Structures are given as structure tokens and as C-alpha cells.
Amino acid sequence: MEETIKVAVDAMGGDHAPGEIVKGAIDAVTLRPDIKVYLIGRQEVVEQQLAKHSYQGSRIEVVHAPEVIDTAEPPVLAVRRKKQSSIVLGMNMVKEKKADAFVSAGSSGAILVGGQVIVGRIKGVERPPLAPLIPTEKGVSLLIDCGANVDARSSHLVQFAKMGSIYMENVLGVQNPRVAIVNIGAEEEKGNALVKETFPLLKNCPDINFVGSIEARDIPHGEADVIVCEAFVGNVILKLYEGVGATLVGMVKAGMMETLRSKIGALLVKPALKKTLKSFDASEYGGAPLLGLNGLVVKTHGSSKAKEVTNSIIQCVTFKEQEINEKIKKNIGGSHGI
């Protein structure tokens, strides 16, 4: 009998909550018989949304959370004061092993604080990074860190490289994943103080397949499987990536509708174009796991709709099945940095 993976989902977090979150949860349990979802939020509101859909009742359970942490609230204070919020209750479910994972499109700051304070870091992990998958010409790459540690040290980046390698090898099946550090040139002597200090540490790390520096323009070509950087750089890369992608898709669609000839051409290329554009749609790859915690916490985009919520829930299954946390504990647990 298949083991049921229990995923707690913040029904109140994100721009399209609770409607799209609820729909995404229903789609996830419909697609996967091995998932049970706990929708955490204001019970009456969540149940109103559930009533709009048909689903197997035993697979979705509502957990009442009267409070909601707003994105504008100071994260530390919000987590401390709003004990009955959907984020805090979800984190506690993971801590108490009532859920295998927690998924939220809510306040990034509260999720980062809650992950560290409530769920807690794996012993030896200095800083948990956010690690989203980004589409490339050759498939996907893991961008680590994209928003959790804007003042990272070299020892943190080495751990990011190790955790990213474990994730890519076990969740994505990439053998001996190529690890690169984001830089302004390919030469080893280039970069800021952090990159210059980290480069030799990565180069001499036996646990990873380090291939050197990677410039931003080479990231979309898939020149590395794990892209290592501190969170300021990573967040800029991620946001620019998403913005350029959305702009290009919009311009291509508009251009195809300009003339009768372009409309005819659009009909001919539509199947191939649709497949290509789908591969560059970030929502296809779910959310960003906060790696290095004692349980799985996944942050999805604040603008997430049902599809991304569904994929974020489903990715929790692979994470659990491949025992990613256990592998990180084995690789990093007990070490105290460099």
C-alpha cells in the first residue's frame, strides 16, 4: 500500500487566495492518490471555496486558522504574535510531524522566519536557502539562493552548493550535477570579495562537481545544473528571468496577430510554439523549497495560480520519497562551516 504524503497548505497566502489555492489543492489530490492536503485558513471562507468543486472528501481536511499574516507585516513580530495564523499553524504541523510538508504563497519573510524558528535548521546547516527550479534550453537548473540570505558568507555558499547538488541528483535525477558560481566573468580572479573567497572553496570541495564561474547570459543556456549565489543576486536573476520571459511571450503573441499572414503562420507553428513556451513557464516547476530545515517548507510565488500550487504540492512527494532531508543531514549534519 502506498504511503500517503500529508501536505499542509496555506489557504490564505498569495494574491489569488483562497480560490486558486483551494483549486490547486483539489487538482493535486485528484492527480495523485498518495497525497492528503490540509488546507489551513479561515474555515468558513475555505469551505465556501471547496463547495464549488467536487473532490474526495477524505483527501482534503480544513484546519481553522483565524489569523492571517499580511505581506506588509514585520515577519519576526508577525510570527511571534500571530500564533493562530495559517503560516504558523502550518509550520507547527511540520514540526510536530502531523504534516510532511508545508506549502505557502504568503509572506516570504514570515515563511523564512517561521522555517528557521519553528521548524528549525538541520544540525550543521548555517543558513537555509530558497532554491527554485528555473527553465533553461537544456531543461532546468536550480538557483540557490534566490531570497533567503542577502548577506551570505562563503561557508554558506559552499553548503548551498552541497544541498543543491543533493536536490538535483535525487529529485531531478541529474547525475553528478554541474555546480557554478554566478560571476561577472569566467576568470577565477574576477568577482566581488564574496565570490573570490568562495571560488577556491568550491573548487576544492570533494562533494560537488564544480565547473567554475557562470555569467548571467549563460544561465538560460543550461551551462550548469546548480547556480550558486547569495540571495540579492539570486533574486535579481529570478525576477529579471520572469520579467523577460513574460515580456517575450506577450510580444510574440501580439506579433502573430498583427496581419493575416502572421495569423496564418501562427496557426501553423502553434503546436510547436505552445510546447516551447510551456517549458519556459515557471509555474510548471512548482515552488522553491527552503532547504536545510528539519522538515519541508515550500514557498510559491505570491502570484501563484492553481497550476503552480498543484505542482508545488506534488513536488513534496518526490522530496519525501527521496529522503532529501536525511541526505542533507548525512552530508552536512554535524559540520560547522568552513
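This briefing walks through one helix packing and three salt bridges in the structure above. The model is a predicted one, so please read every value here as computed from that prediction. Two helices, α1 and α10, pack at an angle of about 45°, and the structure holds 13 salt bridges. Helix α10 turns up in both topics, since Lys320 of one of those salt bridges lies in it.

**How α1 packs on α10**

- Helix α1 covers residues 19-31 and helix α10 covers residues 306-321, and their axes are 7 Å apart.
- With an angle of about 45° between them, α1 counts as oblique to α10, because the angle falls outside the ranges for roughly parallel, roughly perpendicular and roughly antiparallel.
- The crossing of these two helices, α1 and α10, is right-handed.
- On the α1 side, the contact is made by Glu20, Ile21, Lys23, Gly24, Ala25, Asp27, Ala28 and Leu31.
- On the α10 side, the contact is made by Ala306, Val309, Thr310, Ile313 and Ile314.
- Sorted by kind, the residues in the contact of α1 with α10 comprise 8 nonpolar, 2 polar and 3 charged.

**Arg32 and Asp34**

- Asp34 and Arg32 form a salt bridge, and their closest N and O atoms are 2.8 Å apart.
- Asp34 is buried, because its relative accessible area of 3% is under the 20% cut-off.
- Its partner Arg32 has a relative accessibility of 24% and therefore counts as partly exposed.

**Lys320 and Asp100**

- Lys320 pairs with Asp100 in a salt bridge, with 3.4 Å between the closest N and O atoms.
- Lys320 sits in helix α10, while Asp100 belongs to the loop between α4 (86-95) and β4 (101-104), so this pair ties together parts that are 220 residues apart in sequence.
- The relative accessible area of Lys320 is 35%, which means that Lys320 is partly exposed.

**Lys162 and Asp207**

- The side chains of Lys162 and Asp207 also meet in a salt bridge, at 3.6 Å from N to O.
- This pair links distant parts of the chain, 45 residues apart: Lys162 is in helix α6 (residues 154-171), and Asp207 is in the loop between α7 (193-203) and β8 (209-214).
- Lys162 counts as buried at 16% relative accessibility, whereas Asp207 counts as partly exposed at 42%.

Notes. Residues are numbered from 1 along each chain as its sequence is written. This is a predicted model: local features need pLDDT of at least 70, side-chain atom pairs count only at pLDDT 80 or more; totals for chains, interfaces and linings use all residues. Side-chain values use heavy atoms; hydrogens and water are left out. Axes are lines fitted to C-alpha atoms, for helices over the stretch in contact, and angles run from 0 to 180 degrees between N-to-C directions. Helices (H or I, at least four residues) and strands (E, at least two) are DSSP runs, numbered from the N terminus. Angles under 35 degrees count as roughly parallel, over 145 as roughly antiparallel, 65 to 115 as roughly perpendicular and the rest as oblique. A crossing is left-handed if the near helix is turned anticlockwise from the far one by less than a right angle, and right-handed if clockwise. Contact means heavy atoms within 4.5 Å. Ala, Val, Leu, Ile, Met, Phe, Trp, Tyr, Cys and Pro count as nonpolar, Asp, Glu, Lys and Arg as charged, and the others, Gly among them, as polar. A salt bridge is a side-chain nitrogen of Lys or Arg within 4 Å of a carboxyl oxygen of Asp or Glu. Buried means under 20% relative accessible area, exposed over 50%, partly exposed in between (1.4 Å probe, protein chains only).
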